[in-house]
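User: Please take me through the reasoning behind the terms used for this structure.

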Amino acid sequence: MSGENLWHKLERKEEAPEKGRALIYTRMEDVIWKRYNNIEEVEKWIDGKEVLEIHLFNNEKEYRALAAKSKRFPDGFLENCFNYSGEPDKNIYREKICLEDRGTIEVINHLKYDENSGMATVDGYQLLDAGFVYTREGEV
């Protein structure tokens, strides 16, 4: 599926952060890992590419879309928007990841507890662009 086709099929892309960081996996091409200032910029980067995953995130929320061949997803993709930052601390585990460019991203792992055994499992995650504040004027 080409990037253009996937992008135009997505129904919730307006929930993506207006500006932030993009992590996009494409088939047979480089991974796109860049900051973006508007959604139109992201659309240009993926135009004509076969996109497998799109992660658009800032320091508050993450929008994610994944190509899927499962019968459970007849449209050929699934998409969601995550914001676990308001969850109680007992339901999340935060990790800071250091990047080669000396920046950091944060992963918020959402935990689910089994009532019988008390065991915790990670049932979701959210990427955060740690250390940056996005305003209409740009990064602070």
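**Burial, contacts and sheet edges**

Analyst: In this predicted model, R21 is buried, with a relative accessible area of 3%. The residue lies in strand β1 (residues 20-26).

User: Why is R21 called buried?

Analyst: The term applies under 20% relative accessible area; R21 has 3%, so R21 is buried.

User: What makes the link between the side chains of R21 and D129 a polar contact?

Analyst: The two side chains are joined at 3.2 Å, and the cut-off is within 3.5 Å.

User: How many aromatic pairs does a search of the whole structure find?

Analyst: The search finds one aromatic pair. The ring centres of W33 and F57 are 6.4 Å apart, with the planes at 40 degrees.

User: Why is the pair of W33 and F57 called tilted?

Analyst: Planes under 30 degrees apart count as stacked and over 60 as edge-to-face. An angle of 40 degrees meets neither condition, so the pair is tilted. W33 belongs to strand β2 and F57 to strand β3, 24 residues apart.

User: Are W33 and F57 buried or exposed?

Analyst: F57 is buried, at 0% relative accessible area. W33 has 33% relative accessibility and counts as partly exposed, because this value falls between the limits of 20% and 50%.

User: What makes β2 and β5 edge strands?

Analyst: The open sheet has the order β2-β1-β3-β4-β5 with antiparallel pairing. β2 and β5 each have a single partner strand, so one side of each lacks a neighbour in the sheet.

Note on methods. Residues are numbered from 1 along each chain as its sequence is written. This is a predicted model: local features need pLDDT of at least 70, side-chain atom pairs count only at pLDDT 80 or more; totals for chains, interfaces and linings use all residues. Side-chain values use heavy atoms; hydrogens and water are left out. Helices (H or I, at least four residues) and strands (E, at least two) are DSSP runs, numbered from the N terminus. Buried means under 20% relative accessible area, exposed over 50%, partly exposed in between (1.4 Å probe, protein chains only). A polar contact is a pair of N or O atoms within 3.5 Å; within protein, one must be able to donate a hydrogen and the other to accept it, and residues adjacent in sequence count only if both atoms are side-chain atoms. Rings of Phe, Tyr and Trp (its six-membered ring) pair if their centres lie within 6.5 Å; planes under 30 degrees apart count as stacked, over 60 as edge-to-face and the rest as tilted. Two strands pair if DSSP finds at least two bridges between them.
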